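Reader: I'm in my first year and still learning to read structures like this one. Could you take me through a single part of it slowly, the place where protein and DNA meet?

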2 protein chains.
Amino acid sequence: MRIGELAERAGTTTRTLRYYEARGLLPARRDANGYRDYDERDLKLLRQIRTLQDFGFDLEETRPFVECLRAGHPEGDACPASLAVYRRKLDELDALIGELQAVRAQIGVRLALAEDPKCELGGQQW
Amino acid sequence: MRIGELAERAGTTTRTLRYYEARGLLPARRDANGYRDYDERDLKLLRQIRTLQDFGFDLEETRPFVECLRAGHPEGDACPASLAVYRRKLDELDALIGELQAVRAQIGVRLALAEDPKCELGGQQW
DNA sequence: GTAAGCCTTGACGTCGGGGTCAAGGCAAGG
DNA sequence: CCTTGCCTTGACCCCGACGTCAAGGCTTAC
């Protein structure tokens with residue numbers, strides 16, 4: 001399978017695949033004419049990368065999963081390094097979600113105050 | 001007040017102030033020698049920008065607040081345009097938080113499954 | 001033979017919010 | 001007079017994940 005077909009089957013672009021190869025994430029075999037040659041396993045690796053990217057993982061964070069698959073495991077998250085990335089991501093997400101909720105609350109209060117200036121008088125009307 | 005003093009009093013850098021000016025967000029008067037000259041009102045505008053930036057607002061999103069203050073309102077969020085930005089931000093935050101929570105849940109499940117392969121057998125052990 | 005449709009590498013653009021020089025002007029103190 | 005410490009503009013650098021040419025090579029179809 002050539003680069004265009006792989007890109008299409010994975011719902012991405014050839015530019016992206018070349019970029020992954022340049023990063024050492026998805027190296028490609030070459031045909032006699034220099035064309036990149038991929039197989040079904042590469043498609044699986046690529047899908048793993050794309051899934052994690054959709055989750056918001058950095059490209060580098062997908063590397064352990066890809067290497068895990070390449071090592072022969074049926075799932076990319078069957079290796080300790082992958083699990084470590086999962087855990088770190090959970091912590092990051094919890095922290096981020098917490099911050100966003102705090103910001104959301106702040107803005108909510110400010111909006112309420114600005115929408116209804118009476119509230120600024122102290123709430124004695126309750 | 002010159003640029004260095006304003007930057008220090010607002011806890012930011014001169015580069016940042018020049019950047020804001022280039023964006024048309026915080027124009028500065030000039031001394032005879034070409035030095036930027038700021039006053040207390042500029043400090044207030046700058047603090048409004050910084051507060052919103054800390055909340056994760058884009059620079060452009062702070063513009064209505066700055067213009068509101070410049071129009072003479074004591075609070076930057078006293079104008080309809082500012083309130084519209086607040087509301088849009090709340091929607092964005094709600095959407096984002098929701099997505100992040102969904103991702104968090106997905107990763108949590110995957111981590112649990114990968115940590116304890118027994119779960120994959122179907123949960124008959126319960 | 002030539003046009004179409006793949007493929008190759010290389011290199012620059014994008015976005016936001018500035019950071020980091022570089023080269024030079026202005027003001028004050030010793 | 002010289003240094004120090006402000007200030008000025010201009011210009012390139014950074015990050016991440018690609019997008020978008022440009023110039024050229026291979027293959028197949030007509």
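**Where the protein meets DNA strand C**

Author: Happy to! Of the atoms of DNA strand C that lie within 4 Å of the protein, 65% belong to sugar or phosphate, and the rest belong to bases. Keep in mind as you look that this is a predicted model.

Now turn to the protein side. DNA strand C is surrounded by 19 residues, and the closest are A:Gly4, A:Arg18, A:Arg36, B:Tyr35 and B:Gln53. Sorted by class, this surface has six nonpolar, six polar and seven charged residues.

Let's zoom in on the phosphates, beginning with A:Gly4. Here a backbone N or O atom of A:Gly4 lies 2.6 Å from a phosphate oxygen of DNA strand C. With A:Arg36, the side chain takes part: one of its N or O atoms is 2.7 Å from a phosphate oxygen of the strand. A:Arg30 also has a side-chain N or O atom facing this partner, with 3.2 Å between that atom and a phosphate oxygen of DNA strand C.

Which elements give two or more residues to the surface near DNA strand C? They are α1 (3–10) of chain A, together with α2 (14–22) and α3 (40–54) of chain B. The most comes from α2(B), which gives four residues to the surface near DNA strand C.

So that you can find your way back, return to A:Gly4 and A:Arg36, which are both among the closest residues to the strand.

Technical notes:
Residues numbered from 1 in each chain as written. Chains lettered and ligands numbered in written order. Predicted model: local features only at pLDDT ≥ 70, side-chain atom pairs only at ≥ 80, totals over all residues. Heavy atoms only, no water. Near = heavy atom within 4 Å. Polar contact = N/O pair within 3.5 Å; in protein donor to acceptor, adjacent residues only side chain to side chain. Nonpolar A, V, L, I, M, F, W, Y, C, P; charged D, E, K, R; others polar.
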